[in-house]
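Student: I have a chain in front of me and no idea how to read it. Can you take me through it step by step?

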Amino acid sequence: MKTTVVGRQMSVYDETRELIEKKLAKFDKFFKGEPEAFVTLRRVRENDRMEVTISCNGTLFRAEKTSPTFRIALDECVESIERQLRKNKTRLQKKLREKIEFPAEPEVATDVEEDGDFEIRTKSFPLKPMTPEEAILQMNLLGHNFFVFRDDLSGQTNVVYKREAGSYGLIVPDTDK
């Protein structure tokens, strides 16, 4: 697994980097191909925050944990991603078998603008064709409440979102007007 470790406003020691690579290497057995891991470490007050994003064949697995130490946060992130893999095992196997591989990269905050009372963060990510069901799966794996994707049939940009009642919604642009 190709692992990139970044420290935000801090230095990452070699032993911490090696521990992260060792712990994440256990996910190699779940993926065909070469998965990529992007790990961000930062200190927030007295706690340590770790964000782990694993990308393989266009599917992203993400965990973000805050703990007193990076070791505890790493263990919690690994457990969270393992849970995601177990929970969605059959769906992921079907998807990875049927779909063409599209390399994906983790979301990257590219710009921060302040407009009056609002701070706007701009993120960019690859927009790949998929079905709404795949988009819902990806949204759940990332732990987000919405997901933007390109519909594989129409080619339009759509949004799936989680409704308060627990069901899902789909926003499709109206191109007739």
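Tutor: Start with one word. Buried means under 20% relative accessible area. Keep in mind that this is a predicted model.

Student: Which residues of α2 are buried?

Tutor: In α2, F70, A73, L74, C77, V78, S80, I81, E82, Q84 and L85 are buried.

Student: And how much of the protein chain is buried?

Tutor: Buried residues make up 33% of its 177 residues.

Student: How do I check the length of a helix such as α2?

Tutor: Multiply the rise by the steps. The expected span is 1.5 Å times one less than the number of residues. α2 has 18 residues, so it should span 26 Å. Its end C-alpha atoms are 25 Å apart, which agrees.

Student: What elements does the whole protein chain contain?

Tutor: Its secondary structure comes to four helices and ten strands. Read from the N terminus, the order is β-α-β-β-β-α-α-β-β-β-α-β-β-β.

Student: Now the core. How many residues does the largest nonpolar core have?

Tutor: The largest nonpolar core has 25 residues. L24, M50 and I54 have the most contacts inside it. Six elements each supply at least two residues of this core: α1 (14-24), β2 (36-44), β3 (47-56), β4 (59-67), α2 (70-87) and α4 (132-142). The largest share, seven residues, comes from α2.

Student: What does L24 touch?

Tutor: Leave out residues up to four places away in sequence. L24 then touches M1, T3, A37, V39, V52, I54 and V78. Apart from the largest core lies another core, of nine residues. Among them are M130, A135, I136 and M139.

Student: How do I read a sheet?

Tutor: Strands of a sheet pair through backbone hydrogen bonds, either parallel or antiparallel. Then look for the order of the strands.

Student: What is the order of the four strands in the open sheet here?

Tutor: The order is β1-β2-β3-β4, and the pairing is mixed. β1 (2-8) and β4 are the edge strands; each pairs on one side only. On average, neighbouring strands of this sheet are turned by 15° against each other, direction ignored.

Student: How many bridges join β1 to β2?

Tutor: Seven bridges join them, and the two strands run parallel. T4 stands opposite F38 in β2. Between these strands the chain crosses from β1 through α1 to β2.

Student: Is that β-α-β crossover left-handed or right-handed?

Tutor: This crossover is left-handed.

Student: In which sense do β2 and β3 pair?

Tutor: They pair in the antiparallel sense, over nine bridges. E36 stands opposite S55 in β3. β2 and β3 form a hairpin with two residues between the strands. In that hairpin, R45 takes a positive phi near 55°.

Student: And β3 with β4?

Tutor: β3 and β4 also pair in the antiparallel sense over nine bridges. T53 stands opposite R62 in β4.

Student: How do I study one residue, say N47?

Tutor: Ask where it sits, how open it is and what it meets. N47 is found in strand β3. With a relative accessible area of 33%, N47 is partly exposed. N47 touches R42, T66, S67 and P68, not counting residues up to four places away in sequence. N47 and S67 are 20 residues apart in sequence, but 5.5 Å apart in space, C-alpha to C-alpha.

Student: Let me try the same steps on Y161. Where is its place?

Tutor: Y161 is in strand β9 (residues 157-162). Y161 counts as partly exposed because its relative accessibility is 26%; the buried class stops under 20%.

Student: Which residues does Y161 touch?

Tutor: Again skip residues up to four places away. Y161 touches M139, N145, F146, S167, Y168, G169, L170 and I171. The C-alpha atoms of Y161 and V148, 13 residues apart along the chain, are separated by 8.9 Å.

Student: What strand does β9 run antiparallel to?

Tutor: Four bridges join β9 to strand β10 (residues 168-171), and they run antiparallel. Y161 stands opposite G169 in β10. β9 and β10 form a hairpin with five residues between them. In the turn, G166 has a positive phi of about 100°.

Student: One last thing. How are contacts spread along the protein chain?

Tutor: Take the contacts between residues at least 6 apart in sequence. Of these, 40% join residues at least 24 apart.

Note on methods
Residues numbered from 1 in each chain as written. Predicted model: local features only at pLDDT ≥ 70, side-chain atom pairs only at ≥ 80, totals over all residues. Heavy atoms only, no water. Core = buried A, V, L, I, M, F, W, Y, C linked by side-chain atoms within 4.5 Å. Buried < 20%, exposed > 50% of the residue type's maximum accessible area, 1.4 Å probe, protein only. Contact = heavy atoms within 4.5 Å. Pairing = 2+ DSSP bridges. Axes fitted to C-alpha atoms, helices over the stretch in contact; angles between N-to-C directions. Right-handed = clockwise from strand over helix to strand, strands pointing away.
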